[in-house]
Amino acid sequence: MKKLGKINADLRKPKQASKINFEVIDDIINFVFAVIAPVVLLTYWIQFSANPILIYHKQAPPFFTDYPFVKEFLIRPDGLSQFFSAFMFQFYEYGIIGTIVEVLLVAAVCIVGWFSLKEFSGSKTNSLIFLIAAFAVFFHVDYNGDPFHAIVNALFGFIGFLLFAKIYVKNQQLSFLIFTVLCGILTWFFTLACFLLFLLCGLFVMYAGKKRHLFILAPIYILITYFLIFHSGYGSECFDVQTSDFGKIAEIAIILTAPLIIRIRQIFKKAVEKGFFEKLKFISKAIQNPILCTIISMTVCLKVYFFADHYFFENKKYLIQIDYLACNRRWDETVETFGKLKAFNNVALVQLRRALLHSGKLLDEFFSYPQLKEKYFFPDYNNDVTVCMPLAEFFYELGHINFAEHLAHESLEFDGAKPRQLLLLSKINLLKGKTNAAKIFLYRLSENPFHRKTALRLISEIENNEPFKEDEMFKSAREFVNTVPYAGYEVRDETFFNQLLVSNPKNRKAFECLIATLLANKNLAEAMRLIKAFEGFEFKTLPRHYEEAVLVWQVFEKHPEFAPGKYKLNTATLQRFNGFVRTIERHNGSLQNAKNELAENFGTTFWFYYFYDTAFNQSLKFYRQE
Amino acid sequence: MNGISKIKIACSLLLLIGNLFGATTESSPVKPPIFPDYADITIPPNIAPLNFLIQEKGEEYSVKFMVGNNVFHEIKTRKAEIEIPENRWKELLKKTRGAEFIVRISVFSNGWKEFLPITNRVANEEIDAWIVYRYLKPLYTFYHDMSIRQRNIESFNEDIILPSSRFDRGCLNCHTFLNQSASSFAFHVRKGKEGNPMILCISNTPSMVDKTMGYISWHPSGNAIAFSLNRLSLFFHATEETRDVFDEDSNLGIYRLDKNSVSMPPQISNPELIETWPCWSADGKYLYYCVTKKRPVKNYREIKYDFARISYDLNTDKWGQPEILVSSENTGLSVHQPKVSPDSRFVIFGMSEYGNFPIYRPDSDLFLFDTETRQYKRLELNSDASDSWHSWSSNGRWILFSSKRIDGLFARPHISYFNTNNIAHKPFVLPQKDPRFYLTCIHTFNVPEFVREPIRISQKQLLDAIYGRLRTLKPTETGLKPQTTEGVEHYGSKPERKSSQ
């Protein structure tokens, strides 16, 4: 202990030789840059780069407070920290509050770490600990990281160490006993915290230099516990880390590098004291210069930020954003965000189609956007389970309640009991006349304290026979519920929409989807047969794509006698069609040669799709890349 | 003390005085609205407390447990959730074994309102203390998270026997016990590309049987297992109940554990017929099963199974001739899931409009077949929702089954007393510590089975068996080979993503 005290005292001595008071400058600069800068950067990063609401939408795990749910966490290793993480994730739903919560917790880790390090050397040289905050940006690079899991582990690791160090000064045997017990508890409840505790205590004991042999108990204890974890079959769940997983890497980096960050300046100082750098005096000076050290820390901090920014999956952000916006029925923004994509997935495509449909643009803009390879209106969920929930929502809105139920349950199984799934299943069961089942989904939701109020209000609405009274879509879905019996492994587009139209011939949305499907399949005969239905649905003018299809039917499919009922084709459409035909003629009828020019001028028309099975929309990024 | 506090205290005092002296008790001519419905039932003398929720708004609740005219225990609470102390509950059951007790429920809201009393009867016969079930969400095509669990009926303790998360989120299928012994049981797992083996535990020693088997029934001698080989497909309806299952083809076979051989005897493996749901009689002399003619999927509504049996001599390995016991032509319904009582006298089976997958059929009911009189009757315990997956207790006095009667969607384990007059009493749902449990639980309890003692085998041992780290049995195939040589159980449109409910 004397040795420890002496080193602490040495470190606290003012530097005699220095003309400038580096101590004061060190404090100020460290505080401003090493403390505030990482925290500000982290705040900025979460709030403006990653967006907490999108983090919630993509990553928030199911969270409830009832005992059966909590018990599932308590009976498995690392469970408590996962439960804590699930709880903290819920705050992201409230935007900036989530950001503040995460930043405060990261800062709390840094502060607890800072206090812990006083046990080594006093606080003045330890502000580099705040670089932890800089590493935290990695959690949100690809919307996979779990910051709270790391935070809670770091927090308990530091607190455990603090406890150990305080007691160590007074009673070494007792401190080792506590250490051993802590290792056991932490290994089960906060598995990664145990690593941190072990590293910190190890360094501390080596530093203090007494009764090191007692320390051997800890690794033995940890090994036994880990053996038990793996023996019980839980290992794969706890330590399943993939190299491409930025969040996990950040988590482990923080846990493992924190002690190194703490120690690095002291190690260099000791090296200087022992004369290792005598021949390289400028290094010696540099290492002892707090301004330079702070600049280094700032540089590291910024470097980390820009590194994370460089690797930030912006496209993934937009994909999540599209799903989020459509989920909240912000149709115009959904369509607008789709334009920012560099690559799209099935979820984005389904949500785009939903948005086009609800904003009344489906038959005007359908061929301005990409089509599925199989030309189906809905992608096959068998190959992509992530599409189940958007499809379930789409089916529900159209009125195909059973298929919506099917896919909502697939999503419930894979994504867990999140508010989105529970609410939809509640509505579906109400529409199916299963009121008690509908209430069960809402009661389940009420076990999440963040959604309790809403859930109880909705239950009360059901009990008062006014279910989802503020939900216009629910009323619409009720009106259009499918009543046509059908049994099969799956139902494809045309049958699907026809069933809805038979159930309720006023289902305009189903009609628009049917026409879009017929056009996508180039089934023009059937599409033209339905011309009368446009009158029934009170279309004032024919939608753009349908007009384009009429011209294809008349000219390319050679049905000049076809008249579009009471509708007159738009002059602008006719002029554009003339332009389209002239372009082909200019290339002597060669579709191959005309392709680029047609794409540039007519890439968003049905005519272009008719010949090339694709679209070319210059306002979309991924087309520009092509 | 501010004015509001004074008013509050004054109000409380008035309320108290009112309670003591002035408040009148109004009698309500209706039964108390409690959830779950634990009114007028017969319960085992060794069951956990029947905690319940009073679904009536009030400021205070009073629940009196009366033995004769005496109040045995009273609960006064401001919460509508009534949790009965376990020790007092046990004393109550002990005191009223073979007799009745009365529950009087009152709610205070502008005066006390007392509902009609509930009279519950405590049977003399105990129930098997443990049940084993699959715990999973209502599954469709994909499965991600399910487990086999055991629950002590005498308390609220529940253990996870095996969660699917321990083996790459595979599927766990119907578990079957040898004479309700928890040390010898079998279940089926699906590991995707790695195959669909059966895990066999004999005297707590697990091993893997490298053979896919569908529904299984353990011969009481322990030397043989009857199994079905089904080609099941999950399909969907656009209206009413969404899920349905079609069995394209199925035959029965027998796995002789003593010889480690599998055979498909022609008597129960007729290529023109679909034979499924095997179940041995308790004496091992008969194999009961369901049988129908093959039909294409488009005629799925016409597929109605008969109830049949065939005699078998284990020593000589000789089969008798199949005999139809209940014909679908007469009933107009389809039989499934026969389960023989421990004394072999009765068989409970399910019947529904068509098909053989009752959990998806809301019209599925349970029927009692008397092997002596060859008569059958609809059991009194049925509901409008699906009632299926039944199990006899080892003394034959309790029936455990899955019912969707509470909400029409989630299957919950229900228990019914089967008296000496062959009448099944009003069933009640398995009690839970939290009275609101079934209001918030979005999981379904599938294949509930009685066992006499807890399963003691560890997850690690079961996992070792699943991953082939323990003994792997490769049965030899004798006699007629199975008609289906690969995949065998097609459950869902694609074999690797099978539904499992």
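This report describes the internal spaces, one helix pair and two backbone features of a predicted model.

**Enclosed and open space**

Rolling a probe the size of a water molecule over the atoms shows where empty space is left. In this model the count comes to 7 cavities of 30 Å³ or more, and the largest cavity holds about 210 Å³ of space. Its lining is made up of 16 residues, and those nearest the centre of the largest cavity are A:Tyr381, A:Phe395, A:Leu407, A:Glu490 and A:Val491. Three helices of chain A, namely H20 (388–398), H21 (401–415) and H26 (493–503), each supply at least two residues of this lining, and H21(A) gives the largest share, with 3 residues.

The second largest pocket contains about 810 Å³ of space. It is lined by 30 residues, of which A:Tyr443, A:Glu463, B:Leu53, B:Gln55 and B:Leu439 are the closest to its centre. The elements giving two or more residues to the lining of this pocket are H23 and helix H24 (452–463) of chain A, together with strands S2 (34–35), S4 (52–54) and S35 (428–429) of chain B.

The table sets out the residue classes of the two linings and of the helix contact described below it.

| Set of residues | Nonpolar | Polar | Charged |
|---|---|---|---|
| Lining of the largest cavity | 11 residues | 1 residue | 4 residues |
| Lining of the second largest pocket | 16 residues | 4 residues | 10 residues |
| Contact of H22(A) with H23(A) | 10 residues | 3 residues | 1 residue |

**A helix pair in chain A**

Two packed helices are described by the angle between their axes and the distance between the axes. Helix H22 (residues 419–431) and helix H23 (residues 435–446), both of chain A, pack at an angle of about 165° with their axes 7 Å apart. Because angles over 145 degrees count as roughly antiparallel, H22(A) is roughly antiparallel to H23(A), and the crossing of H22(A) and H23(A) is left-handed. On the H22(A) side the contact involves A:Pro419, A:Leu422, A:Leu423, A:Leu425, A:Ser426, A:Asn429 and A:Leu430, which meet A:Thr435, A:Ala437, A:Ala438, A:Phe441, A:Leu442, A:Arg444 and A:Leu445 in H23(A). H23(A) is also among the elements that give two or more residues to the lining of the second largest pocket.

**Backbone features in chain B**

The peptide bond from B:Phe35 to B:Pro36 is cis, with omega near -5°, and B:Pro36 is found in the loop between S2 and strand S3 (42–43) of chain B. S2 of chain B also gives two or more residues to the lining of the second largest pocket. Elsewhere in chain B, B:Trp389 has a positive phi of about 45° although it is not a glycine, and B:Trp389 lies in strand S32 (residues 387–392).

Note on methods: Residues are numbered from 1 along each chain as its sequence is written. Chains are lettered from A and ligands numbered from 1 in the order in which they are written. This is a predicted model: local features need pLDDT of at least 70, side-chain atom pairs count only at pLDDT 80 or more; totals for chains, interfaces and linings use all residues. Side-chain values use heavy atoms; hydrogens and water are left out. On a 1 Å grid over the protein atoms alone, a cavity is a set of points where a 1.4 Å probe fits but cannot get out, and a pocket is an open set with protein on both sides within 12 Å along at least five of seven lines; lining residues have an atom within 4 Å of a point. Grid points are joined across faces, edges and corners, and a volume is the space filled by probe spheres set on the points. Helices (H or I, at least four residues) and strands (E, at least two) are DSSP runs, numbered from the N terminus. Ala, Val, Leu, Ile, Met, Phe, Trp, Tyr, Cys and Pro count as nonpolar, Asp, Glu, Lys and Arg as charged, and the others, Gly among them, as polar. Axes are lines fitted to C-alpha atoms, for helices over the stretch in contact, and angles run from 0 to 180 degrees between N-to-C directions. Angles under 35 degrees count as roughly parallel, over 145 as roughly antiparallel, 65 to 115 as roughly perpendicular and the rest as oblique. A crossing is left-handed if the near helix is turned anticlockwise from the far one by less than a right angle, and right-handed if clockwise. Contact means heavy atoms within 4.5 Å.
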